[in-house]
Amino acid sequence: MAAPPIQQETAPWLLENGSYKVLTKEARQGHGHSHHGRTAHNMSSSSLRKKSDLTLVSKVQCGLLRSFLTNLQEVILGTKLSILFPAIPLAIVANYCNFGRPWIFALSLLALMPLAERVSFLTEQIAYFTGPTVGGLLNATCGNATELIIAIFALCQNKIDVVKYSLLGSILSNLLLVLGTSLFCGGLGTLGKQQKYDRRQADVNMLLLFLGLLCQLLPLLFRVAGGYTTVTTVAALQLSRASSIVMLVAYVVYIVFQLWTHRQLFEADEEAGEGQEEETPVIGFWSGFVWLVGMTIVIALLSEYVVATIEDASNSWGLSVSFISIILLPIVGNAAEHAGAIIFAFKDKLDISLGVALGSSCQISMFVVSSFNNLIDLWSW
């Protein structure tokens with residue numbers, strides 16, 4: 001693999017100040033994506049979407065009913081994971097009918113997979129109306145909504161270990177499982193030629209991950225070096241708080257860098273998503289917003305089931321809570337994006353795979369971990 005130098009392309013042309021000017025690839029992205037820039041996360045999730053057949057729905061006479069059925073078909077049936085949607089009512093019924101708690105855990109995990117992909121779809125639909133900046137902020141907030149909600153419920157139930165394990169597992173699954181599998185599959189899919197990627201985006205994400213690593217290591221090294229005394233513990237706690245603030249500030253700066261100052265570096269190339277990109281929104285703004293709120297509520301409900309039954313599933317399956325939290329929960333929460341990253345790596349679209357793996361890791365390590373450090377501190381206090 002190699003990061004190629006930026007080459008200027010000879011088309012298309014832009015009329016500027018009465019004269020023609022050659023547009024580079026970055027300039028074309030800046031002009032051509034001014035309305036709706038798709039990130040690697042959007043492109044990755046779109047690999048599991050399918051086009052809905054609205055022939056029957058279009059024959060419905062009532063306009064309101066036709067609109068509702070169209071939204072229902074686009075949101076529920078517009079994904080290859082729609083076969084897992086029946087797990088949602090089954091998990092709810094299993095909970096209220098007092099079925100085996102391991103069954104509730106398993107059904108809730110299965111139900112979270114299509115919901116996580118649909119949240120990505122809905123944020124992209126809303127971005128068509130709000131523009132790429134607000135859409136990017138929404139995607140940055142909802143990109144790891146499943147892991148975030150699970151961690152919140154685990155914290156509310158005082159299961160601090162589940163919080164730590166699930167967040168650590170999210171980082172490890174992105175950096176090791178997803179990135180490693182993508183590079184391996186990309187190598188198999190491009191035998192005999194060299195894979196290329198944009199080094200600038202990878203450098204930004206790797207440096208941000210390195211900063212997060214330093215901020216997490218400093219309090220630990222300080223406490224180990226000074227001994228486990230009361231004075232050292234208090235000082236290490238203060239250093240941990242300061243490190244969390246630095247991580248939050250760095251993440252805010254990263255968002256500004258990604259969405260305003262250097263947006264073209266993080267937008268997926270149109271050619272990479274050829275045959276995948278939807279030119280126009282398929283549902284309205286308010287419909288997308290209502291669906292997004294509704295699915296977030298369902299994710300919260302299922303996340304509560306997962307956290308409440310994780311110990312029972314651990315005892316029944318003979319697996320430790322740490323293994324389930326580190327391995328199973330992150331894979332389920334981002335299954336659609338992970339599968340999409342591997343698919344695009346096969347197609348020699350390594351930028352999208354790197355954007356998914358490194359971008360998700362940055363969001364978890366810099367934003368979510370630092371936020372929960374402060375929340376756990378307040379919870380304990």
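Begin by selecting N98, which lies just after helix α4 and takes a positive phi of about 55 degrees; bear in mind throughout that this is a predicted model.

From N98, step back into α4 itself, residues 87-96, and colour A87, I88, A91 and A94, which are buried. These residues sit on the same side of α4, because the arc they cover around the axis is only 130 degrees. Showing the neighbouring helices next will reveal what this side meets, since the buried residues of α4 pack against α5 (101-130) and α11 (285-317).

Keep α5 and α11 on display and select R101 together with D312, whose closest N and O atoms are 2.8 Å apart in a salt bridge. This pair links distant parts of the chain, with R101 in helix α5 and D312 in helix α11, 211 residues apart. R101 is partly exposed at a relative accessible area of 35%, and D312 is likewise partly exposed, at 31%.

The structure holds five salt bridges, and two others are worth a stop. For the pair E117 and R118, the closest N and O atoms are again 2.8 Å apart. Are its members buried or exposed? E117 is buried, with a relative accessible area of 0%, and R118 is buried with a value of 0% as well.

Move on to R199 and D203, whose side chains meet in a salt bridge of 3.3 Å, N to O. Both belong to helix α9 (residues 199-226), and because they are four residues apart, about one helical turn separates them. Here R199 is exposed, with a relative accessible area of 52%, while D203 is partly exposed at 34%.

Now select helix α14, residues 350-380, and find Q363 within it. Q363 is buried, its relative accessible area being 7%, and its side chain is joined to that of Y251 by a polar contact of 3.5 Å.

Finally, colour the spans that an unreviewed UniProt entry labels "transmembrane region", among them 167-192, 323-345 and 352-372. Residues 167-192 are 88% helix and 0% strand, with end C-alpha atoms 38 Å apart, whereas residues 323-345 are 96% helix and 0% strand, with end C-alpha atoms 28 Å apart.

Zooming out to the whole protein chain, one finds 14 helices and two strands, and buried residues make up 46% of its 381 residues. Of the contacts with a separation of 6 or more, 79% are between residues 24 or more positions apart. With the surface switched on, the accessible area comes to about 18800 Å², of which 67% belongs to carbon and sulfur atoms.

Terms used
Residues numbered from 1 in each chain as written. Predicted model: local features only at pLDDT ≥ 70, side-chain atom pairs only at ≥ 80, totals over all residues. Heavy atoms only, no water. Buried < 20%, exposed > 50% of the residue type's maximum accessible area, 1.4 Å probe, protein only. Polar contact = N/O pair within 3.5 Å; in protein donor to acceptor, adjacent residues only side chain to side chain. UniProt positions renumbered as here; feature names shortened; annotations may be inferred. Contact = heavy atoms within 4.5 Å. Areas by Shrake-Rupley, 256 points an atom, 1.4 Å probe, with all protein chains shown as cover. Arc of directions from axis to C-beta. Salt bridge = Lys/Arg side-chain N within 4 Å of Asp/Glu carboxyl O.
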